[in-house]
Structures are given as structure tokens and as C-alpha cells.
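The following exercises concern aromatic pairs and the setting of one helix. Each task is followed by a solution in steps.

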Amino acid sequence: YSDYRKALQKGVDSGDPEAETATGVMYYYGLGGVKQNYNTARSWFEKAAKKGDADAMNYLGRMYYYEIGVEQNYQMAKQYLARSAKAGNVQARNLLKKMK
């Protein structure tokens, strides 16, 4: 994992939203030698979502929908999922359909 984490850190240092989302995923699942931490994951997803990353918005929407590390909030879930779906994320689009 060390080469991957070094490359990821370079992306994070340069403000790359994909690297921020990937870092969030590591904390979301507890991958790459980091301990699972939903607060840290959410923080990384929020950074990337502000930059328009569809995957980050999808994760945030799911966190709010399924009450993962946050208080359940369907309004927040719907906002993030709608933005993610609009950006082309199929998973977000499918969950959004379930919500209607």
C-alpha cells in the first residue's frame, strides 16, 4: 500500500478531488492500513464534493440515507444524490429512484 498512499498523498496535497475521495474511501472501509473512521471519511468526501466529485457526493448521500456515521437526513441525502446523479453517477441515480 505504501506506493499507493504516496501517490494518493501527492494528489491530496495538490487538491485533487479524486484523491480526496479515494482517501475518504480508505477511511470509510478501513483500507490501506487506516482505521475505519466515518467522521474522517465524511470530511474527505465533503472536500471533494465541494469540488464537484460525483463519487464523493454519492458516498455522502448514502451516508445520510443509511445513517452511516451521521444522523439520518433524507433531505441531505437527496441533495447529495441528486448532484451526484446529475454528474453521471449511476449508483446515486438508482438510490434516488428508490427514495421517490
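The model is predicted. A point of backbone geometry comes before the tasks: Glu67, just after H4, adopts a positive phi of about 60 degrees.

**Exercise 1. Compare the end-to-end distance of H4 with its expected span.**

Solution. Step one: H4 has 13 residues, and the expected span is 1.5 Å times one less than that number. Step two: this gives 18 Å, and the end C-alpha atoms of H4 are 18 Å apart, so the two values agree.

**Exercise 2. Determine how many residues of H4 are buried, and which elements they pack against.**

Solution. Step one: the criterion for buried is a relative accessible area under 20%. Step two: eleven of the 13 residues of H4 are buried, so the helix is mostly covered. Step three: among them are Ala54, Ala56, Met57, Leu60, Met63 and Tyr65, together with the polar Asn58 and the charged Arg62. Step four: the buried residues pack against H2, H3 (38–50), H5 and H6 (90–99). Step five: at the start of H4, a side-chain oxygen of Asp53 comes to within 3.2 Å of the backbone nitrogen of Asp55.

**Exercise 3. Classify the ring pair Tyr28 and Tyr59, and locate both residues.**

Solution. Step one: the whole structure holds nine aromatic pairs. Step two: in this one the ring centres are 5.1 Å apart and the planes stand at 70 degrees; planes over 60 degrees apart count as edge-to-face, so the pair is edge-to-face. Step three: Tyr28 belongs to helix H2 (residues 17–29) and Tyr59 to helix H4 (residues 54–66), so the pair links distant parts of the chain, 31 residues apart. Step four: Tyr28 is buried at a relative accessible area of 9%, and Tyr59 is buried at 17%.

**Exercise 4. Classify the ring pair Tyr64 and Tyr80, and state what it ties together.**

Solution. Step one: the centres are 6.1 Å apart and the planes lie at 10 degrees; planes under 30 degrees apart count as stacked, so this pair is stacked. Step two: Tyr64 is in helix H4 and Tyr80 in helix H5 (residues 74–86), so the pair ties together parts 16 residues apart in sequence. Step three: Tyr64 and Tyr80 are both buried.

**Exercise 5. Which residues form one aromatic cluster with Tyr59, and which ring does the charged end of Lys47 sit over?**

Solution. Step one: the cluster comprises Tyr28, Tyr29, Tyr38, Phe45 and Tyr59. Step two: the charged end of Lys47 sits over the ring of Trp44, at 4.6 Å from the ring centre.

Methods
Residues numbered from 1 in each chain as written. Predicted model: local features only at pLDDT ≥ 70, side-chain atom pairs only at ≥ 80, totals over all residues. Heavy atoms only, no water. Phe/Tyr/Trp six-rings, centres within 6.5 Å; stacked < 30°, edge-to-face > 60°. Helix = DSSP H or I, 4+ residues; strand = E, 2+ residues; numbered from the N terminus. Buried < 20%, exposed > 50% of the residue type's maximum accessible area, 1.4 Å probe, protein only. Lys NZ or Arg CZ within 6 Å of the ring centre and 35° of its normal. Contact = heavy atoms within 4.5 Å. Polar contact = N/O pair within 3.5 Å; in protein donor to acceptor, adjacent residues only side chain to side chain.
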